[in-house]
Amino acid sequence: MDVTKVVSCMSSCIFPDKTTYPIDESMIHNGPPHDSNFGYSHAKRMIDIQNRQLMCCALKSTSEGKR
């Protein structure tokens, strides 16, 4: 396979449960995610780690306002 581009879709669940707002991509690994999304969030965080290793990153986050 000759893959030249990868598009990674992220989710706002990757951010820590207890955080300050506004949030940005530098805050992804600053704490554990909410318990309801724990496994899914960590899987998405591993995509972020892989993207950083490959030196390419696209972060898409949903805007939902306050919880």
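## A walk through a one-helix chain

Start with the whole chain on screen: of the contacts between residues at least 6 apart in sequence, 50% join residues at least 24 apart. Keep in mind that this is a predicted model. Colour by secondary structure and you'll find one helix and zero strands. The helix, α1, covers 38–53. Switch on a surface next: the chain exposes about 5,300 Å², and carbon and sulfur atoms supply 57% of that area. As for the inside, buried residues account for 25% of the 67 residues.

**Stop 1: the helix, residues 51 and 52**

Select asparagine 51, which sits in helix α1. Is asparagine 51 buried or exposed? Its relative accessible area is 4%, and buried means under 20%, so asparagine 51 is buried. Now show side chains and add serine 8: a polar contact of 3.2 Å links the side chains of asparagine 51 and serine 8.

Step along to arginine 52, also placed in helix α1. Arginine 52 has a relative accessible area of 44%, which makes this residue partly exposed. Which residues does arginine 52 touch, once neighbours within four places in sequence are left aside? Select Glu25 and Ile28 to see them. Don't draw a salt bridge to Glu25 out of habit, though; the count for the model comes to one salt bridge, and the next stop is where to find it.

**Stop 2: the salt bridge**

Select aspartate 17 and lysine 18. Their side chains meet in a salt bridge, with 3.3 Å from N to O. How exposed are the two partners? Aspartate 17 is partly exposed, because its relative accessibility is 23%. Lysine 18 is exposed, with a relative accessible area of 70%.

**Stop 3: proline 32**

Keep aspartate 17 displayed and add proline 32, in the segment before α1. Leaving aside neighbours within four places in sequence, proline 32 is in contact with Pro16, Asp17, Phe38 and Arg45. Even with those contacts, proline 32 counts as exposed, because its relative accessible area is 56% and the cut-off for exposed is over 50%. Then try a distance label from proline 32 to phenylalanine 15: the C-alpha atoms are 7.9 Å apart in space, while the residues are 17 apart in sequence.

**Stop 4: serine 11 and serine 41**

For another pair of this kind, select serine 11, which lies in the segment before α1. Serine 11 is buried, because its relative accessible area is 18% and the limit is under 20%. Draw a line from serine 11 to serine 41: 30 residues separate them in sequence, and the C-alpha to C-alpha distance is 8.0 Å.

**Stop 5: a cis peptide bond**

Go to tyrosine 21 and proline 22 and look at the backbone. What kind of peptide bond joins tyrosine 21 and proline 22? A cis one, with omega at about 5°. Most peptide bonds are trans. Proline 22 is placed in the segment before α1.

**Stop 6: the nonpolar patch**

Finish on the surface. Select Met1, Val3 and Val6, which make a nonpolar surface patch of about 420 Å². Zoom in on valine 6, in the segment before α1. Valine 6 counts as exposed, because its relative accessibility is 54%.

Methods: Residues numbered from 1 in each chain as written. Predicted model: local features only at pLDDT ≥ 70, side-chain atom pairs only at ≥ 80, totals over all residues. Heavy atoms only, no water. Patch = residues over 30% accessible without salt bridge, like charges linked within 9 Å, V, L, I, M, F, W, Y side chains within 5 Å. Areas by Shrake-Rupley, 256 points an atom, 1.4 Å probe, with all protein chains shown as cover. Salt bridge = Lys/Arg side-chain N within 4 Å of Asp/Glu carboxyl O. Helix = DSSP H or I, 4+ residues; strand = E, 2+ residues; numbered from the N terminus. Buried < 20%, exposed > 50% of the residue type's maximum accessible area, 1.4 Å probe, protein only. Contact = heavy atoms within 4.5 Å. Polar contact = N/O pair within 3.5 Å; in protein donor to acceptor, adjacent residues only side chain to side chain.
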